[in-house]
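Here are a few exercises to work through with the model open in your viewer. Try each one before you read its solution.

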Amino acid sequence: MTEDDLATRKMQFLYALRSRGVTDRTVLQAMEEIDRGPFIRGLFAERAYEDMPLPIACGQTISQPSVVGLMTQALQVTPRDKVLEVGTGSGYQAAILAKIARRVYTIDRHRRLVREARAIFEELDLHTITAITSDGSHGLPDQAPFDRIIVTAAAEDPPGPLLAQLKVGGIMVVPVGQSDTVQSLIRVRKLETGYEYDELREVRFVPLLEGLGKE
Ligand code: SAH
């Protein structure tokens, strides 16, 4: 691909985001700054600027860019926030969060994905992200509470430990529903008196699984 081709593809990429409802300037800027290319290896690398999910290692997927944008937008991240992401995958979503938030913790059940994501964060000088191998459905009690929590794998219900680790006034975005069907993207706000739920749109994510992965 020539420099010109790359520039054109990146422009089309941003245009596709806007036309699919990603309108928040801070989110668009973060997505302009973080190149999706390095997060995709092998055969699919040349499709990095298309608005589609793509396969990554360990049988997982990097999410569709417009869905990453819409979820980040729904999370209403501010520069003061400490954010937890469950489902590091390629590390792309965490990198975008790191451009906006003060601190990002990201967890995946696959050791290999965490190792590869860490290497990319290092390469891109993203020093405010900590990537951890663990079962993220238990959250990260040591670092709790969080201002924002984003789950990028589908749960049957918003996991209780994650709700507990959210600050009052905090927001969590999580796809909810049975795996391999259409799921609903839910936004949960934690209030003094309970939780407020908003259903945002239909999405399709890999399932949130228990325990650690094989590699
Ligand atoms: N946010 C990623 C895409 C996530 S794909 C990106 O930007 O590329 C969903 C990820 O959730 C997979 O990598 C999968 O291994 C992980 N996952 C599933 N169940 C999990 C669990 N219980 N704890 C931590 N990670 C989990």
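**Exercise 1.** Which residue with a positive phi follows H5?

Solution. Before starting, note that this is a predicted model, where local features need pLDDT of at least 70, side-chain atom pairs count only at pLDDT 80 or more, and totals for chains, interfaces and linings use all residues. Residues are numbered from 1 along each chain as its sequence is written, and side-chain values use heavy atoms, with hydrogens and water left out.
- Find H5, a helix at residues 111-123 (helices are DSSP runs of H or I, at least four residues, and strands are runs of E, at least two, numbered from the N terminus).
- Then step past the helix: Asp125 follows, and its phi is positive, near 60 degrees.

**Exercise 2.** Work out what the buried residues of H5 pack against.

Solution.
- List them: Leu113, Val114, Glu116, Ala117, Ile120 and Phe121 are buried (buried is under 20% relative accessible area, exposed over 50%, partly exposed in between, with a 1.4 Å probe and protein chains only).
- Look for their contacts (heavy atoms within 4.5 Å): these residues pack against H4, S4 and strand S5 (129-133).

**Exercise 3.** Sort out the two faces of H1, the helix at residues 3-19.

Solution.
- Start with the buried set, which is Phe13, Leu14, Ala16 and Leu17.
- These four sit on the same side of H1 because they cover an arc of only 155 degrees around the axis (taken from the directions from the helix axis to the C-beta atoms).
- What's on top of them? The cover includes helix H2 (25-33), helix H3 (65-75) and helix H4 (92-100).
- Now flip to the face turned away, where Asp4, Met11, Tyr15 and Ser19 are exposed.
- Past the end of H1 comes Gly21, with a positive phi near 100 degrees.

**Exercise 4.** Describe the largest pocket by volume, centre and lining class.

Solution.
- A pocket here is an open set of points on a 1 Å grid over the protein atoms alone, where a 1.4 Å probe fits, with protein on both sides within 12 Å along at least five of seven lines; lining residues have an atom within 4 Å of a point.
- The volume is about 560 Å³.
- Of its 37 lining residues, Thr61, Thr152, Ala153, Phe205 and Val206 lie nearest the centre.
- By class, the lining holds 15 nonpolar, 15 polar and seven charged residues.

Terms used: The expected span of a helix is 1.5 Å times one less than its number of residues. Grid points are joined across faces, edges and corners, and a volume is the space filled by probe spheres set on the points. Ala, Val, Leu, Ile, Met, Phe, Trp, Tyr, Cys and Pro count as nonpolar, Asp, Glu, Lys and Arg as charged, and the others, Gly among them, as polar.
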